[in-house]
Amino acid sequence: MIDPFFAHRLLAWWDEHGRKDLPWQQERSPYRVWVAEVMLQQTQVAVVARYFERFMARFPNIHALASASLDDVLHLWSGLGYYGRAHNLHRAAAAVVRNYDGVLPNDQRVLMELPGIGRSTAAAIVAQAYGERAAILDANAKRVLARQHRVGGAPAVKALWELAESHTPADRVADYTQAIMDLGATVCVRRAPRCAVCPVAASCQARAAGDAERFPEAAARRQRRLERRRFFVVTDQTGACLLERRPAQGIWGGLWSPPERDDDCSVEAFLAAAGISERDVREVHNAPTLRHGFTHYDLDVLPIYVQIAKRPAEVRETGAAWIDPASHRLGVSAVAAKLLKATQTELFKA
Ligand code: SF4
């Protein structure tokens, strides 16, 4: 059963307790709302707040984003993860400039045709930027509604969308959208929800049943696998590193990285393939393994640092280059940044 006062209670709570000082709430332009929503898709508010300000300073409008190089965009996304979002944002900005004179459409269905904009993100944009009634179902709203109605199991997504539609009010839809996201982020949290201070506790079925943490029910988890890959961090006499641009598809798509190879690739084999003479090698150093977690697996990064006295005249690998990471605006993953940072420290100063 739908509580007819659900939205009213939620809005009253938000008026008093909701967050209203987030950077993207200060000027709810379609562009700012869109960028924030994409960043928030997989990342927590506190992290997004830092990245959002920098991104807006560099790309203050959709034209600036559309005309930027992908490297520039990835550079500002470095460390935020899920880099497909940055690729899509860049492609979508170009499409909006090309097809809609640089104005983000105010139609949910049209927005959903742009790269990286799904149903909930499109709804959040039209609700917050244009005040149009549209239901969102991001992770926070999903958790609140799944618990309110004790909805679980395979058909849950369809049922939750129907509930999201039913609860969304005609008035103050922008604030309601913020309110349900805020409730999920600050009160109806994943572990130990704060039901005692929840404005919609009276109608919450999971609270009544005492099993709130069971919802939303997670899909059956696949066994996490572990991969091991070797990363060669090669530095030349000038401090430049041999970097490869990763393929657009796959992890860290389009970012620059020290060359990654199979975990049994020897230093000799790597150097020979890269055209680096062993005579030019000054130092080889194995560094401790770094474990990096992805959504479905863990990656053990096995770093090998190699300093050489003279770089070869040619770069053999396609998409590779000698680059001084300190003096270029590059898109690099958090792992690559960590590996490269070590080259600036004591490792090679002997
Ligand atoms: S009562 Fe508890 S479980 Fe239910 S919506 Fe509120 S915080 Fe979530």
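**Notebook: the ligand and histidine 149**

I began with the ligand, and I found it surrounded by Arg147, Gln148, Val187, Cys188, Pro193, Cys195, Cys198, Ala201, Cys204, Arg207 and Ala212. I keep in mind that this is a predicted model.

Sorting that shell by class, I noted eight nonpolar residues, one polar residue and two charged residues around the ligand. I then asked myself where the ligand sits. I found that its place is in the largest cavity.

Next I turned to histidine 149, which I located in the loop between helix H10, covering 139–148, and helix H11, covering 156–167. Is histidine 149 buried or exposed? I looked up its relative accessibility, which is 10%, and because buried means under 20% relative accessible area, histidine 149 counts as buried.

I also looked up what histidine 149 touches, leaving aside its neighbours within four places in sequence, and I listed Met1, Ile2, Leu163, His167 and Gln205 as its contacts. With one of these, histidine 167, I noted a polar contact that runs from side chain to side chain, at 2.9 Å.

Last, I stepped back to the whole chain, where I counted 15 helices and eight strands in the secondary structure. I read that 51% of the 350 residues of the chain count as buried, and that the C-alpha atoms fill a box of roughly 80 × 50 × 35 Å along the principal axes. Taking the contacts in the chain with a separation of 6 or more, I noted that 68% of them are between residues 24 or more positions apart.

Terms used
Residues are numbered from 1 along each chain as its sequence is written. This is a predicted model: local features need pLDDT of at least 70, side-chain atom pairs count only at pLDDT 80 or more; totals for chains, interfaces and linings use all residues. Side-chain values use heavy atoms; hydrogens and water are left out. A residue is near a molecule or strand if one of its heavy atoms lies within 4 Å of it. On a 1 Å grid over the protein atoms alone, a cavity is a set of points where a 1.4 Å probe fits but cannot get out, and a pocket is an open set with protein on both sides within 12 Å along at least five of seven lines; lining residues have an atom within 4 Å of a point. A molecule sits in a cavity or pocket if more than half of its atoms lie within 2 Å of its grid points. Ala, Val, Leu, Ile, Met, Phe, Trp, Tyr, Cys and Pro count as nonpolar, Asp, Glu, Lys and Arg as charged, and the others, Gly among them, as polar. Helices (H or I, at least four residues) and strands (E, at least two) are DSSP runs, numbered from the N terminus. Buried means under 20% relative accessible area, exposed over 50%, partly exposed in between (1.4 Å probe, protein chains only). A polar contact is a pair of N or O atoms within 3.5 Å; within protein, one must be able to donate a hydrogen and the other to accept it, and residues adjacent in sequence count only if both atoms are side-chain atoms. Contact means heavy atoms within 4.5 Å.
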